[in-house]
Amino acid sequence: MPDTIRRADHPSGNRYGNRPTMKDVAARAGVGLKTVSRVVNGEPGVTPDTERRVQEAIDALGFRRNDSARVLRKGRTASIGLVLEDLADPFYGPLSRAVEEVARAHGALLINGSSAEDPDREQELALALCARRVDGLVVIPAGDDHRYLEPEMKAGVATVFVDRPAGNIDADVVLSDNFGGARTGVAHLISHGHRRIGFIGDMPRIHTAAERLRGYRAAMEDAGIPVEASWMSLGATDPERVRRAAEEMLCGPSPVTAVFTGNNRVTVTVIRVLAEHGRRVALVGFDDIELADLLRPGVTVVAQDAAALGRTAAERLFQQLDGTLVAPERIELPTRLITRGSGELPPAD
């Protein structure tokens with residue numbers, strides 16, 4: 001009985017029915033296919049009464065234009081791809097939204113995916129987007145060799161890297177001033193009397209982590225402070241690793257009086273460790289975090305403008321597509337120190 005009902009409801013045998021075509025619209029409106037095409041594509045030459053009948057037929061049938069033929073004619077899909085590191089990371093929310101807003105302003109659809117910080121997955125995802133004929137790519141790279149994209153770029157796929165530079169190819173890149181921001185954050189701790197300052201960052205092969213470590217070292221050198229090896233820890237940002245690193249710095253033979261954290265995920269874990277530790281320790285984090293101003297003390301941070309990164313990268317991408325750019329450029333955006341209290345604590349001893 002259910003099979004009989006299903007066949008009666010859906011004569012085609014497809015339980016979801018068939019997508020209505022322009023031929024169906026023409027038949028319902030009593031006009032020719034060319035007339036429907038003109039209405040659908042907003043072309044002139046149709047009387048108001050005929051346009052109304054065609055639109056009523058479109059609404060009644062639920063017709064949606066198939067853009068495949070238009071894509072073939074124009075050579076564009078009106079879509080771009082965004083390859084992120086981690087969709088769950090709050091930093092990428094405003095970045096992704098900014099890219100989407102620019103794409104929308106240019107009449108394009110955004111398709112995004114996560115590499116999960118895996119270079120192989122990044123390559124697989126980027127090439128899959130190219131296979132679907134996106135017009136361009138905005139890539140936050142996980143790997144350090146992007147020669148696999150050279151054939152796509154030569155074939156006309158506009159490509160911009162953001163947050164980290166591309167490896168082994170010449171391409172547009174939009175970055176934050178990671179070195180300068182970290183240098184400023186650590187100098188801020190030094191200005192409040194700290195000499196034993198720890199640094200906990202991401203994996204050293206990642207461009208941003210390496211640049212922030214370089215900024216930390218530069219600030220300490222500027223102040224004439226020798227850095228002990230036990231004050232630096234780079235590695236995966238999972239909470240267990242970061243927790244161990246923080247506890248070792250706080251409880252070692254030369255305990256730190258302040259910590260500079262290399263990204264938002266590290267900062268959150270260190271805040272938890274400091275809350276449990278009980279000793280007053282100053283903290284400055286790279287990247288702002290949600291509710292940072294509501295903690296006591298508030299968390300002092302070196303903030304990036306994630307939305308500006310995404311917007312600048314997307315605008316650069318569409319300038320490539322419009323043919324208004326010639327040579328690839330490296331664009332570096334400034335960071336901003338936001339003081340809230342944790343970075344202004346003096347040394348406890």
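Two strands are said to pair if DSSP finds at least two bridges between them. In this predicted model, strand S9 (residues 282–286) and strand S10 (residues 300–303) meet that description, with three bridges joining them in the parallel sense. One residue of this pairing is easy to look up: Phe286 has Val302 in S10 as its bridge partner.

The pair belongs to a wider arrangement, an open sheet of six strands that runs in the order S7-S6-S8-S9-S10-S12 with mixed pairing. At the edges stand strand S7 (232–234) and strand S12 (336–338); each has a single partner strand, so one side of each is left without a neighbour in the sheet. From one strand to the next, the twist averages 15 degrees.

Helices pack on this sheet as well. Helix H11 (residues 239–251) touches strand S6 (197–201) and S7, and its direction makes about 170 degrees with that of S6. Helix H12 (residues 264–277) touches S6, strand S8 (258–261) and S9, with about 160 degrees between the direction of H12 and that of S9.

Helix H12 turns up again in the next feature, an enclosed space. The structure holds one cavity of 30 Å³ or more, and the volume of the largest cavity is about 140 Å³. Its lining consists of 17 residues, and those nearest the centre are Thr208, Arg212, Asn263, Arg265 and Asp287. Helix H10 (207–222) and H12 each supply at least two residues of this lining, and the largest share, three residues, comes from H10. Sorted by class, the lining has eight charged, five polar and four nonpolar residues.

Terms used
Residues are numbered from 1 along each chain as its sequence is written. This is a predicted model: local features need pLDDT of at least 70, side-chain atom pairs count only at pLDDT 80 or more; totals for chains, interfaces and linings use all residues. Side-chain values use heavy atoms; hydrogens and water are left out. Helices (H or I, at least four residues) and strands (E, at least two) are DSSP runs, numbered from the N terminus. Axes are lines fitted to C-alpha atoms, for helices over the stretch in contact, and angles run from 0 to 180 degrees between N-to-C directions. Contact means heavy atoms within 4.5 Å. On a 1 Å grid over the protein atoms alone, a cavity is a set of points where a 1.4 Å probe fits but cannot get out, and a pocket is an open set with protein on both sides within 12 Å along at least five of seven lines; lining residues have an atom within 4 Å of a point. Grid points are joined across faces, edges and corners, and a volume is the space filled by probe spheres set on the points. Ala, Val, Leu, Ile, Met, Phe, Trp, Tyr, Cys and Pro count as nonpolar, Asp, Glu, Lys and Arg as charged, and the others, Gly among them, as polar.
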